[in-house]
Amino acid sequence: MSSGAEEVLRRLEERGETLGVAESLTGGLVAAELTSVPGASRTFRGSVTAYATPLKRDLLGVDGALLDERGAVDPDVARAMAVGVRRILGADWGVATTGVAGPEPQDGKPVGTVFVAVAGPDGVRKVAGLRLNGGRADIRTESVRTLLELLSGELGENARAQDTEQIGGN
C-alpha cells in the first residue's frame, strides 16, 4: 500500500510543505504507512493517535459540545481533528481519521462508518464519509488508503492551480 504514501510524500516535498496526522480508528496506521517510506522525515512532522474521545477534545481541540452532541464519529469531528493536528504539530497540511472499525457500533453509528478529512494551508479542503465493508482490519486498511488518496488528490489539484497562476503571471 505504500505507493499512496510515496506519492503524498513526493508531492509534499516538491511543494516544500509538511504533514501532520490525527488518527482514531486507524490507531497509527497512517503514520506507519508514511514512515515506511525512506526519507519521510523531510515532510512528515508526526502524528497524534487520539483513540479516546476526551483526547480529541483535550489534545486536538475538537469542540466538547460537538462531541457530546454527535459523538466522535462525525464529519465535523474529522474536520476539527485535521485542523487541530495541523495547528499543534505546526504542519502545512493536517489529515484525520475517525470511525467505527468494529466489532460493535459506536455512538449510534454502524461498523464501517468512517470519516476522513484533509486541512491545508487555506483551511479545510475535503471531508469524506465512507461506508466500508469487511472486518476490522479491512476497514482500517481501506481508511488509510482512502485518506492518502484524498490527500494526494488535493496536493495534485492545488499544485496544478499554482502552476497555472505562475504561468499566467509571467
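User: Where is Ala 80 found?

Analyst: Ala 80 is in helix 5. Helices here are DSSP runs of H or I with at least four residues, strands are runs of E with at least two, and both are numbered from the N terminus. Before we go on: this is a predicted model, where local features need pLDDT of at least 70 and side-chain atom pairs count only at pLDDT 80 or more, while totals for chains, interfaces and linings use all residues. Residues are numbered from 1 along each chain as its sequence is written, and side-chain values use heavy atoms, with hydrogens and water left out.

User: What does Ala 80 touch, not counting residues up to four places away in sequence?

Analyst: Touching, or contact, means heavy atoms within 4.5 Å. Ala 80 touches Leu 60 and Val 62 on that count. For a longer span, take Gln 106: 26 residues separate it from Ala 80 in sequence, and their C-alpha atoms are 19 Å apart in space.

User: How do I read the sheet? In what order do the five strands come?

Analyst: Two strands pair if DSSP finds at least two bridges between them. Here the order is 2-1-3-4-5, in an open sheet with mixed pairing. Strand 2 (44–49) and strand 5 (123–131) are the edges, each pairing on one side only.

User: Which way do strand 1 and strand 2 run when they pair?

Analyst: They're parallel, with five bridges between strand 2 and strand 1 (residues 19–23). One residue pair to look up is Ala 22 with its bridge partner Val 48 in strand 2. Now compare strand 4 and strand 5: these run antiparallel, with eight bridges. Phe 115 has Gly 129 in strand 5 as its bridge partner, and a hairpin of two residues takes the chain from strand 4 to strand 5.

User: What's unusual to look for in a loop?

Analyst: Check the backbone angles. In the loop between strand 3 and strand 4 you'll meet Pro 103, and the peptide bond leading from Gly 102 into Pro 103 is cis, with omega near 15 degrees. That loop between strand 3 and strand 4 also holds Asp 107. Asp 107 isn't a glycine, yet its phi is positive, near 50 degrees.

User: And side-chain links: what does the side chain of Arg 11 reach at 2.5 Å?

Analyst: That's the backbone oxygen of Ser 152. Arg 11 itself sits in helix 1 (residues 2–15), and a polar contact of 2.6 Å ties its side chain to that of Glu 7. A polar contact is a pair of N or O atoms within 3.5 Å; within protein, one must be able to donate a hydrogen and the other to accept it, and residues adjacent in sequence count only if both atoms are side-chain atoms. Setting aside neighbours within four places in sequence, Arg 11 is in contact with Ser 152, Gly 153, Leu 155 and Gly 156.

User: How many residues line the largest pocket?

Analyst: A pocket is an open set of points on a 1 Å grid over the protein atoms alone, where a 1.4 Å probe fits, with protein on both sides within 12 Å along at least five of seven lines; lining residues have an atom within 4 Å of a point. Here the lining has 15 residues, and those nearest the centre are Tyr 51, Gly 99, Val 100, Ala 101 and Gln 106.
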